[in-house]
Amino acid sequence: MSGVGLFQGRGQRSLCLLLALVYGPAAAGLPFSAAPPARPPAAGKLIALTFDDGPKPYVLLGGRLPSGRSSAGLLDLLDRYHVKATFFVMGWRLEPAADGYCRRADGGVPCRVAAEEVHRRGHEIENHTYGHGNFRQMAKRYGEAWILKDIDRASAVIQKMTGLKPEYVRPPDWDIWPELAHQIEARGYHVMSKSAALPPAWRDVDSEDYFCVGRDPRCPHPSDFDFVLGQIVRRERQGVSDHILTFHELPSTVELLSRLVPELERRGYAFVTLRQYSADVPAGWGRSGPGSHHRVDTGNRQR
Ligand SMILES: [Zn+2]
């Protein structure tokens with residue numbers, strides 16, 4: 001990572017945050033009152049934005065589907081705020097064989113072209129498996145070795161594109177168990193998780209944005225913006241000022257982020273990729289052996 005790039009602008013952001021602390025969150029027109037964070041913000045506060053289930057060209061580049069569904073361009077939005085993010089992609093979408101499907105279903109452009117653009121603009125591409133099969137179902141059907149192969153298959157296609165082997169795996173639905181997590185970690189990956197066994201700064205914050213497609217009543221109220229910001233404020237009150245936020249490549253998420261990114265910047269956050277995040281935020285992984293942090297929660301509402 002470029003340490004210079006990461007820390008540039010932190011002084012300005014700290015000043016903004018100081019003003020916010022002096023004048024209070026009400027001055028910002030926020031929908032709820034937020035207590036000052038327990039930890040002084042001067043140490044630097046990091047957000048790793050992460051996106052699952054892509055690459056989806058019409059969301060990344062902006063466009064309209066034959067169905068009429070349209071999206072503003074996520075990559076342009078991130079560029080506007082000089083934000084670098086991390087994309088957990090499905091390996092199959094990067095294959096030439098997926099070009100026809102992607103053109104038809106996801107906005108006229110091959111998915112791998114959109115992924116190349118993600119990489120070209122300096123974002124990180126990580127592993128959301130090749131086929132996005134639920135681990136529990138796949139293990140029952142094909143065995144755990146099949147899952148490990150599926151992960152490696154995704155890494156191979158990602159590495160072919162980016163030149164970098166993915167370092168992080170996010171299981172579909174976050175559905176995993178300790179023995180499998182150990183096996184994945186033994187292959188050199190970090191497993192992304194919402195587990196309470198992880199240090200708080202390394203627990204995925206679930207935006208639940210997948211509920212905000214169409215009119216699903218499970219979409220957080222009063223809005224997903226409030227839901228995500230509320231989780232961050234609660235974590236700040238507990239002294240946690242670094243967060244990994246989990247989103248999906250969805251048109252509604254691009255809209256949400258067009259409000260959330262400037263709000264978080266105003267609150268003093270710098271945006272980094274996961275590899276940059278890991279350089280600054282102690283994780284504990286790899287220090288006491290693979291899998292040592294895993295006591296994975298199951299049965300949560302997960303995606
Ligand atoms: Zn997924």
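Colleague: Why is Asp 53 called buried?

Modeller: The test is a count of C-beta atoms, placed from the backbone. A residue is buried if 20 or more others lie within 10 Å of its own, exposed if 12 or fewer, and partly exposed in between. Asp 53 has 21 within 10 Å, so Asp 53 is buried. This is a predicted model: local features need pLDDT of at least 70, side-chain atom pairs count only at pLDDT 80 or more, and totals for chains, interfaces and linings use all residues. Residues are numbered from 1 along each chain as its sequence is written.

Colleague: What makes the phi of Asp 53 worth a mention?

Modeller: Phi is near 80°, a positive value in a residue other than glycine. Asp 53 lies in strand β1. Helices (H or I, at least four residues) and strands (E, at least two) are DSSP runs, numbered from the N terminus.

Colleague: Why does Trp 174 count as buried?

Modeller: Trp 174 has 23 C-beta neighbours inside 10 Å, so Trp 174 counts as buried. Its phi is also positive, near 55°. Trp 174 sits in the loop between β6 and α9.

Colleague: How do you know that the length of helix α8 agrees with its residue count?

Modeller: The expected span is 1.5 Å times one less than the number of residues. Helix α8 has 19 residues (144-162), so the span should be 27 Å; the end C-alpha atoms are 27 Å apart, which agrees.

Colleague: Which residues of α8 are buried, and why are they said to line one face?

Modeller: They are Ile 147, Asp 150, Ile 151, Ala 154, Ser 155, Val 157 and Ile 158. Seen down the axis, they fall within an arc of 165°, so they line one face of the helix. The arc is that of the directions from the helix axis to the C-beta atoms. The face turned away from the buried side carries exposed Ala 145 and Lys 160.

Colleague: What do the buried residues of α8 pack against?

Modeller: Their partners include β4 (86-89), β5 (124-127) and α7 (135-142). Contact needs C-beta atoms, placed from the backbone, within 7 Å.

Colleague: What makes β4 a partner of both β1 and β5?

Modeller: Two strands pair if DSSP finds at least two bridges between them. β1 (residues 45-54) and β4 have four, in the parallel sense. β4 and β5 also pair in the parallel sense over four bridges. Phe 88 of β4 stands opposite Asp 52 and opposite Glu 126 in β5.

Colleague: Why is the bond between Gly 54 and Pro 55 singled out?

Modeller: The peptide bond there is cis, with omega about 0°. Pro 55 is in the loop between β1 and α3 (57-60).

Methods: Contact = placed C-beta atoms within 7 Å.
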